[in-house]
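Here are my notes on the model you sent, set out as numbered points. Please read them with the sequence and the coordinates open beside you.

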Amino acid sequence: MVAQKQKYIAKYINKTTQAYSLYERDERDPDSATLILLADFFDVSLDYLLGRTDQSKPTIPPVEKASGDLPQEALDRIEEFKDLMRLKYGKNQ
């Protein structure tokens, strides 16, 4: 089963099973294009894949927290945009 999984991932990243196995055993470092493919395959961020964070996905703070230094006019426009998106995608909250 492990060999099948390695073969599947290797095919996804356009590498041989042997090359992917070297990445798993930390005997070879993948190039940046391969790292991006691996992050996409595992649905994680590059920082997580490289061990720079424990969070598998980046967190984006809610607009309310990130907008503390914006003028009221900008905050009003953000709310208008949010309302427009709710209408467009059918999520009335």
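1. I begin with the first helix, and I should say at once that the model is predicted, which applies to every point below. In helix α1, which covers residues 2-12, the residues Q6, I9 and A10 are buried. Looking down the axis of α1, one finds these buried residues within an arc of 100°, so they line one face of the helix. The other side of α1 carries Q4, K7, Y8 and K11, which are exposed. As for what the buried residues of α1 face, they pack against α2 (17-24) and α3 (32-42).

2. The same region brings us to the core. The largest nonpolar core consists of six residues, namely I9, A10, I13, Y20, Y23 and L38, and the elements that contribute two or more residues to this core are α1 and α2. Y23 deserves a separate look, since, leaving aside residues up to four places away in sequence, Y23 touches I13, K15, R28, D29, P30 and T34. Of these contacts, I13 is also listed in the core together with Y23.

3. On the overall build, the chain has six helices and zero strands, and its pattern along the sequence reads α-α-α-α-α-α. Buried residues make up 17% of the 93 residues in the chain, a share that rests on the cut-off of under 20% relative accessible area for a buried residue. Among contacts with a separation of 6 or more, 16% come from residues 24 or more positions apart. The chain exposes about 7700 Å², and carbon and sulfur atoms supply 53% of this area.

4. Part of the nonpolar surface is gathered in a patch, formed by I36, F42, L46, L49 and L50, which together have about 400 Å² of accessible area. Helices α3 and α4 (46-49) each supply at least two residues of this nonpolar patch. L49, one of the patch residues, is placed in helix α4 and is partly exposed, with a relative accessible area of 31%.

5. Two loop residues should be checked for their backbone angles. Most residues other than glycine have a negative phi. N14, which follows α1 and lies in the loop between α1 and α2, nevertheless has a positive phi near 60°. D26 has a positive phi of about 60° although it is not a glycine, and this residue is found in the loop between α2 and α3. Are these two residues buried or exposed? N14 counts as exposed at 64% relative accessibility, and D26 likewise counts as exposed, at 62%.

6. The structure holds seven salt bridges, and I comment on some of them here and in the next point. D43 forms a salt bridge with K57, in which the closest N and O atoms are 2.7 Å apart. Because D43 lies in the loop between α3 and α4, while K57 lies in the loop between α4 and α5 (63-66), the pair ties together parts that are 14 residues apart in sequence. Both partners are in the intermediate class of accessibility: D43 is partly exposed, with a relative accessible area of 48%, and K57 is partly exposed, with a relative accessible area of 39%.

7. Two further salt bridges belong to helix α6 (residues 72-89). R77 forms a salt bridge with E80, with the closest N and O atoms 3.7 Å apart, and these two residues, being three residues apart in α6, are separated by about one helical turn. R77 is exposed, with a relative accessible area of 55%, whereas E80 is partly exposed, with a relative accessible area of 48%. E79 forms a salt bridge with K82, the closest N and O atoms being 3.3 Å apart, and E79 and K82 also lie three residues apart in α6, about one turn of the helix. E79 counts as partly exposed, at 35% relative accessibility. As background to both pairs, an α-helix has 3.6 residues a turn, so residues three or four places apart point the same way.

Conventions: Residues numbered from 1 in each chain as written. Predicted model: local features only at pLDDT ≥ 70, side-chain atom pairs only at ≥ 80, totals over all residues. Heavy atoms only, no water. Buried < 20%, exposed > 50% of the residue type's maximum accessible area, 1.4 Å probe, protein only. Helix = DSSP H or I, 4+ residues; strand = E, 2+ residues; numbered from the N terminus. Arc of directions from axis to C-beta. Contact = heavy atoms within 4.5 Å. Core = buried A, V, L, I, M, F, W, Y, C linked by side-chain atoms within 4.5 Å. Areas by Shrake-Rupley, 256 points an atom, 1.4 Å probe, with all protein chains shown as cover. Patch = residues over 30% accessible without salt bridge, like charges linked within 9 Å, V, L, I, M, F, W, Y side chains within 5 Å. Salt bridge = Lys/Arg side-chain N within 4 Å of Asp/Glu carboxyl O.
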